[in-house]
Number of protein chains: 2
Amino acid sequence: MSRLLLISNSTSHGEGYLDHCIGEMLSFLGPIREVCFVPFAVYDRESYGESARRRFAAEGIEVRVLTTDRVGGEVLEETPAVFAGGGNTFRLLKTLQDSGFQGVLRRRTLEGMPYMGASAGSNIAAPTIRTTNDMPIVQPASFDSLDLLPFQINPHYLDPDPVSQHMGETREQRLVEYLEENDRVVVGLREGAWIRVEGDEAGLGGRNGARILRRDTEPEERPPGASLTDLL
Amino acid sequence: MSRLLLISNSTSHGEGYLDHCIGEMLSFLGPIREVCFVPFAVYDRESYGESARRRFAAEGIEVRVLTTDRVGGEVLEETPAVFAGGGNTFRLLKTLQDSGFQGVLRRRTLEGMPYMGASAGSNIAAPTIRTTNDMPIVQPASFDSLDLLPFQINPHYLDPDPVSQHMGETREQRLVEYLEENDRVVVGLREGAWIRVEGDEAGLGGRNGARILRRDTEPEERPPGASLTDLL
């Protein structure tokens with residue numbers, strides 16, 4: 001009976017932090033007025049936590065910033081909701097693993113605590129972080145992540161630039177490489193889009209839609225508002 | 001007394017495979033007329049090996065394509081030179097680790113066997129793969145790689161696009177994240193550029209130059225032809 005809100009990007013071009021998705025976050029939270037913010041994807045956790053605190057205060061929501069100590073563990077056990085912020089996915093997952101919080105976060109979410117993530121925070125909701133765009137700046141013990149969903153997420157999904165002369169792989173080429181090695185559906189979530197899961201139903205919200213990639217199958221486009229329930 | 005030729009990209013826009021760097025590869029090889037090609041960064045090793053075989057045959061150089069079996073081990077012990085091709089760095093490193101060839105390749109290169117790499121093949125010459133651009137599609141036992149150099153390489157280094165509305169991290173932002181967690185020089189090697197190491201001297205060749213990034217220091221530009229000896 002998980003409740004998940006998985007956002008591609010926390011800031012949209014020309015808008016403020018979370019502006020494009022805050023309405024959906026508030027709808028998702030319903031009457032909840034307290035959120036535990038996970039700042040581990042960013043190096044300076046304190047200022048990152050402060051940004052989140054200010055942003056949610058403007059909506060009348062109190063933020064408790066997660067720390068890796070015993071107090072943090074208590075916060076994680078008690079909080080009515082979590083929001084894992086974006087940054088570097090390897091750093092986020094490694095910190096959750098090293099602190100022992102990965103299991104707690106998974107258990108509480110499976111028990112029904114609403115989980116919100118943006119970018120790296122959305123990546124770690126999938127079975128593994130194997131479809132992150134981030135640089136492997138630190139080595140987590142395992143790429144296995146929260147496994148709250150049966151499919152992989154690629155946030156900030158980017159269509160190929162037809163005029164680019166850069167020879168690095170396109171995003172789709174990278175995900176095809178993933179599918180060569182792994183047989184699991186990938187949802188390429190464009191900027192502006194999010195996935196909302198309510199128990200056994202899932203749907204695509206926001207702007208720009210998603211590209212669904214499967215092994216040995218042509219990619220499939222889904223527009224904003226489309227159901228993703230068949231992927232659960 | 002290592003000899004290394006580390007190329008940013010194996011194909012330049014509008015040119016054929018290795019065309020922009022084959023002259024330097026031939027100069028680097030000198031009288032050597034046989035190369036062991038490491039195809040492990042790509043899923044279809046056979047067709048990848050065939051492409052390399054054709055390309056080098058046009059230059060009068062015979063290619064032996066590395067396999068992970070006992071025969072491959074013998075080839076690696078005997079070959080007068082190695083070229084590790086591009087593709088996915090995680091897949092390349094994991095295959096070298098699983099086959100036990102990582103140590104052999106390192107030892108032979110330190111003993112003086114000329115090592116050439118392109119893209120992923122250049123990434124693995126560094127101490128770790130923590131500055132690769134590739135997606136972590138498989139999990140190697142360790143991010144530690146061949147450690148033939150004291151600095152990290154970021155191949156396909158890409159300057160920020162001033163008109164982009166995409167909110168994913170720029171390459172420089174990703175490397176700054178690396179430097180938050182690791183205190184080691186990074187050479188951002190633009191497409192068209194390469195690093196040539198001859199024992200205790202190193203220099204930058206090809207086109208477009210490199211950007212040198214260090215912790216707590218402004219990035220530094222080096223043009224084609226610049227020395228990199230101070231980084232050894």
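User: In which loop of chain B is Asn208(B) found?

Analyst: In this predicted model, Asn208(B) sits in the loop between strand E9 (201-206) and strand E10 (210-213) of chain B.

User: What is the sign of phi at Asn208(B)?

Analyst: Phi of Asn208(B) is positive, about 80°, although the residue is not a glycine.

User: How is the accessibility of Asn208(B) to be read?

Analyst: The partly exposed class lies between the buried class, under 20% relative accessible area, and the exposed class, over 50%. Asn208(B) has 47% relative accessibility, so it counts as partly exposed.

User: Turning to chain A, where does Asp216(A) lie, and between which strands?

Analyst: Asp216(A) belongs to the loop between strand E10 (210-213) and strand E11 (220-222) of chain A. Its phi is near 60°, again a positive value in a residue other than glycine.

User: Is Asp216(A) buried or exposed?

Analyst: Exposed requires over 50% relative accessible area. Asp216(A) has 77%, so it is exposed.

User: How are the strands of the sheet in chain A ordered?

Analyst: The order is E3-E2-E4-E5-E1-E8-E9 in chain A, seven strands in an open sheet with mixed pairing. At the edges are strand E3 (62-65) and strand E9 (201-206) of chain A, each pairing on one side only. From one strand to the next, the twist averages 20°.

User: In which sense do strand E1 and strand E5 of chain A pair?

Analyst: Strand E1 (residues 3-7) and strand E5 (residues 115-118) of chain A are parallel, with four bridges between them. Within this pair, Ile7(A) stands opposite Ala118(A) in E5(A).

User: Which strands does helix H2 of chain A touch?

Analyst: Helix H2 (residues 45-57) of chain A packs on the sheet and touches strand E2 (34-38), E3 and strand E4 (82-84) of chain A. The direction of helix H2 makes about 165° with that of E3(A).

User: How are two copies of a chain related?

Analyst: In general, a rotation about an axis and a shift along that axis relate two copies of a chain. Here a turn of 180° and a shift of 0.0 Å along the axis lay chain A on chain B with an RMSD of 0.0 Å. The two copies are therefore related as by a two-fold rotation axis.

User: Through which surface do the copies meet?

Analyst: The copies meet through the same surface, because 100% of the interface residues of chain A are also interface residues in chain B.

User: What ipTM and pTM does the predictor give the complex?

Analyst: The ipTM is 0.95 and the pTM is 0.97. For chain A, pLDDT averages 97, and 100% of the residues score at least 70.

Terms used:
Residues are numbered from 1 along each chain as its sequence is written. Chains are lettered from A and ligands numbered from 1 in the order in which they are written. This is a predicted model: local features need pLDDT of at least 70, side-chain atom pairs count only at pLDDT 80 or more; totals for chains, interfaces and linings use all residues. Side-chain values use heavy atoms; hydrogens and water are left out. Helices (H or I, at least four residues) and strands (E, at least two) are DSSP runs, numbered from the N terminus. Buried means under 20% relative accessible area, exposed over 50%, partly exposed in between (1.4 Å probe, protein chains only). pLDDT is the predictor's confidence in each residue, from 0 to 100. Two strands pair if DSSP finds at least two bridges between them. Axes are lines fitted to C-alpha atoms, for helices over the stretch in contact, and angles run from 0 to 180 degrees between N-to-C directions. Contact means heavy atoms within 4.5 Å. Copies are superposed by least squares on the C-alpha atoms of residues with pLDDT of at least 70 in both.
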